[in-house]
Amino acid sequence: MAAPLTLVLILSVTIRAVLFRSSLAELISERVEVVSPLNAWKRVVEGLALLDLGVSPYSGDVFHETPLVIYLFHFVVDYAEIVFMIVDGITAVALYLAVQNYNKNVFRKQKYALEADRYPHDCLELMRSPKEMHYIPLKVAMFYLLNPFTILSCVAKSTCGLNNAVMALFILSTLKGSALLSAIFLALATYQSIYPLTLFAPGLLFLLQRLYIPVNPCRSRFWFFTVQYSVMFIGSLLVIVCLSFFLLGSWDFIPSVYGFILSVPDLTPNIGLFWYFFAEMFEHFRFFFICVFQINVFFYTIPLSVKLKEHPVFLIFMQIAIISIFKSYPTVGDIALYMAFLPVWSHLYRFLRNIFLVSCVLLACTALFPVLWHLWIYAGSANSNFYYAITLLFNVGQILLVSDYFYAYLRREHHLSQGLYLRRKDGSEATLVLK
Amino acid sequence: MAALSRKWDPLFVLVLGSLVFSCKGDVLKTSNDRTESISATKIEESSPQAADLGDLRQSDEAESNEDRKAFTPPPPNDQFQEEMVIRPLYSGDIYASFQFRTQWDTDFLHDGKKAVSHYRLFPKSLGQVLSKFSVRELHISFTQGYWRTMQWGQPFIPSPPGAELWVWFHHTVTDVDGNWKELTNVLSGIFCASLNFIDSTNTVEPSASFKPLGLGNATDHRFLRYATLPREIVCTENLTPWKKLLPCGSKAGLAVLMKSEKLFHSSFHSQAVHIRPVCKDWQCTSTAWELRQTLNVVFDLYTSGQGKKEWSLFKMFSRTLTEACPLASSSKIYVDVTDNPGGELFDLSPSSPLISTAVVLGDRRTYSVYDLTKKETFGQLRSLNLLLRWKGESDDMLRPPLHAERYVSGFGLQKGEIHTCLYNSHPYRAYPVLLLDSLPWYLRLYVHTLTVTSKTRENKPSYIHYQPSKDRLRPHLLEMLVQLPPHSVTEVTVQFERALLKWTEYTPDPNHGFYIGSSVISALVPSIVAMDTNSTRDRPLFSSFFPTKEESSYFMRVYTEPLLVNLPTPDFSMPYNVICLTCTVVAVGYGSFYNLLTRTFQVDEPSAPLAKRLANIIRRLRGVPLL
């Protein structure tokens, strides 16, 4: 298996290296779909230039990276292209190993269940075969590395790639069962962009499941482990934040990074829902709607955790998808991370309802983004509504995609417990409905 | 006593009134008499409680003038000067520059002492502002039009298009920003201008470009505030309050020429007020306050002069002069005749025997002087109408040693690049200039893209002071010291990104664009006088070997053009639609997740037909088994 992965890695590095050397690199790095005010490379360079001038990069409103990122690039700014390629490679390998591990678990569980004869007899065609599962980790790595979104994001040197790598490492360490590493990487991801905080729940659920601790509030073991994991998470978060404080000697980065993410002052167009909404918002409702939109990102965590407490990996996927749809400054790099997981759920394909439509919408929108941007900004023959409309459609497409996978997952679970071919009381073929 | 004084009161008022009128009226008196009488009235006004005042008034009534002279007044501690310079420009246009200077030996900022309450020549409105806000120096200018340095040479006092205000506060001020905010609002009222639009988003604290021009070497730029309003339109409503600050108003003296219908029918109009502390005397034992009101105007050859190279006071201002301001200690008109030494270029009539030479802006200039306080200046007609009539073509103008221009390059509404070109026309001297750029926050400047090139080589600034902007809080401030090589163009470029604003933050005409204030270039320029070491023209040989210190370089400030930058705009008619549509998308997300989270899969049992259901209800009531 290592050989194809190496091949994919070499191929992706080649593509990136070629694009870095081409004249497209500059064009890509200016695209608003690929870079946001939070992660644009131009702003990292600006932050470094400000440091050189003896001005705190957080005294202005151009730089919004965390201190650790600026510290990292302080040393490797000349090798940025290599760093971003390596980071993408790390993400892909981490996802590869994580999914490999996950598939082993899934297969083992399925085997035990089959041996215990827990599945209805007509569900055999829902069972997953090792042959089909064999290539899934490789597909995941390919989906990440060869996804045009990832390539664009890497060529634009968007620091979104770093966040993805940290999240991938979090997933890997969680799936490998290392609570400490999982907490550290989760803290790092949270430190980078707040939103991964919602991944705390799936991480905890997975580790509990792995240690065979039932999710039961009456049991002391459950509480013991929860507190242990929380302490590790909060402790490492504190250490990272304090480290940042000592690197710069001031707390300026807190409002400049987290305040910026939460209060959305920069309305530069992107593929998300925030920019036009808050550009057109009535001033006295602004605060209310900012609260509503930000709470919306975190809102789904608890109900999803309750519903999917037996399936924490799918919960991770759902959370990452929700974050990348509803976060304040989304870029295509965020989408690439959750799209990399789609091969893992390839067995759900038969239950997807409108995958064709959704794929068409997403492809069409991807093509229309640059076109309508050009019409608005350069040609002047369209206005902001055109670009806004396409962001709306793109987000509807993403929402339908994610909810479709959610539906399919729930439906497969239902079939696994109730049988695939359901009969009505009168013996005729039944249809399943949500009630 | 009380009854007596009440009885004398009306008479006293009458006497005072006649005195005041004699000052303001048409009758010309010698200035000595006038100042004495005004000082006397001032003393009487300021000490009404004096017990022997009644006696004084009695004698007043008897032989007022003689007694008044016996009562020796203190020497006046304020004085007023007015002057006008007329400079014919090479383009055929004409440049008239008025300066009104009021000096007052008092201290507004005296700690502990009672605030100054009696005002004579100095305008009370400004004096109160100075003492209330502890202002050390105040410079305000309103300009309509752009000074074309390449055609017109240098102005005496440069100013950027729109309104400019810079203030040094006293170092005892604790809340500088609060004072600044209030001060701009007060000045906005005094000058009927939109200075109240100055807020933290267009105020900067330049570290080097704006040093105090008066006494006191304050260097802590925390007490300095600088702001420009490039969009400010200057009009009659700004001129009227400005004229009211003059001791004679627009009733007498040079100010009678300021008729707005002519002043604003010009290519360039700039009015300014400069207040600063100066030395009272040569020893500089105490400070005095100087108020300089300046008005510069350039009349266009074609629109105002009908294409004829013939200018007169009447043609320029549709007025002639008949008198000096009676309160002025000096009142003069200077006409620049440097290029017309033998009278071969233009005729100046009436001619004046008085000639004055001065080094102005690094150049030795010769002026014909007309003293308005002398009766013979006005001639027999008792009115002065200076007439300049050209005879020959003038040769090319000497290029000003420093000038600058600025423009925005790039297309589209996403990003752009600001180019500032600095021209050093000096043939062999390099000199440093300070460049100050204050850009609003919605042009997100990338300082790492800053390049300075001269003669195709990189020219690294030796000093850069950069303060990045904060969204909706403060502008960018970029100050740098650049060495300009001789006879070269230095190009400063910096990239920016255009921000999308909230729909309420756009100006009423958003697609017109946003005005970006001028950059300010301050320099010590090697002077032309020092340059021509070869010429012995009207200078003795022994004076011209080493360039003398005060003539070797002079301070010059150049303002570039303001910029007009377009920003991307949202659709202003859409707020409701956008709120509805975006909320719908969020609701689609919420709804579909809610649906999947709360409901469970169930087999779809077709519901029974209506007749069967009704029959079942009846059967349930009857207690028989259901169908």
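According to UniProt, in an unreviewed entry, chain A carries the feature "transmembrane region" at residues 68–99, 194–213, 222–251, 257–278, 285–302, 314–342, 354–379 and 385–407. The model described here is predicted. Two of these spans are set out below.

| Span (chain A) | Distance between end C-alpha atoms | Helix | Strand |
|---|---|---|---|
| Residues 194–213 | 28 Å | 55% | 0% |
| Residues 257–278 | 19 Å | 55% | 0% |

The interior of the model holds 6 cavities of 30 Å³ or more. The largest cavity has a volume of about 140 Å³, and 16 residues line it. L38(A), N39(A), N163(A), Q192(A) and S193(A) are the lining residues that lie nearest its centre. Two or more residues of this lining come from each of α9 (160–175), α10 (179–193) and α13 (253–263) of chain A. By class, the lining of the largest cavity comprises 8 polar, 5 nonpolar and 3 charged residues.

Chain B contains an open sheet of 5 strands, arranged in the order β20-β21-β17-β24-β25 with antiparallel pairing. Because β20 (463–467) and β25 (553–559) of chain B stand at the edges and each has a single partner strand, one side of each is left without a neighbour in the sheet. From one strand to the next, the twist averages 15 degrees.

Strands of a sheet pair through backbone hydrogen bonds, in either a parallel or an antiparallel manner. At one end of the sheet order, strand β24 (residues 520–526) of chain B is joined to β25(B) by 7 bridges, and the two run antiparallel. P526(B) stands opposite S553(B) in β25(B).

Note on methods:
Residues numbered from 1 in each chain as written. Chains lettered and ligands numbered in written order. Predicted model: local features only at pLDDT ≥ 70, side-chain atom pairs only at ≥ 80, totals over all residues. Heavy atoms only, no water. Pairing = 2+ DSSP bridges. Helix = DSSP H or I, 4+ residues; strand = E, 2+ residues; numbered from the N terminus. Axes fitted to C-alpha atoms, helices over the stretch in contact; angles between N-to-C directions. UniProt positions renumbered as here; feature names shortened; annotations may be inferred. 1 Å grid on protein atoms, 1.4 Å probe; cavity = no way out; pocket = protein on both sides within 12 Å on 5 of 7 lines; lining within 4 Å. Points joined across faces, edges and corners; volume = space filled by probe spheres on them. Nonpolar A, V, L, I, M, F, W, Y, C, P; charged D, E, K, R; others polar.
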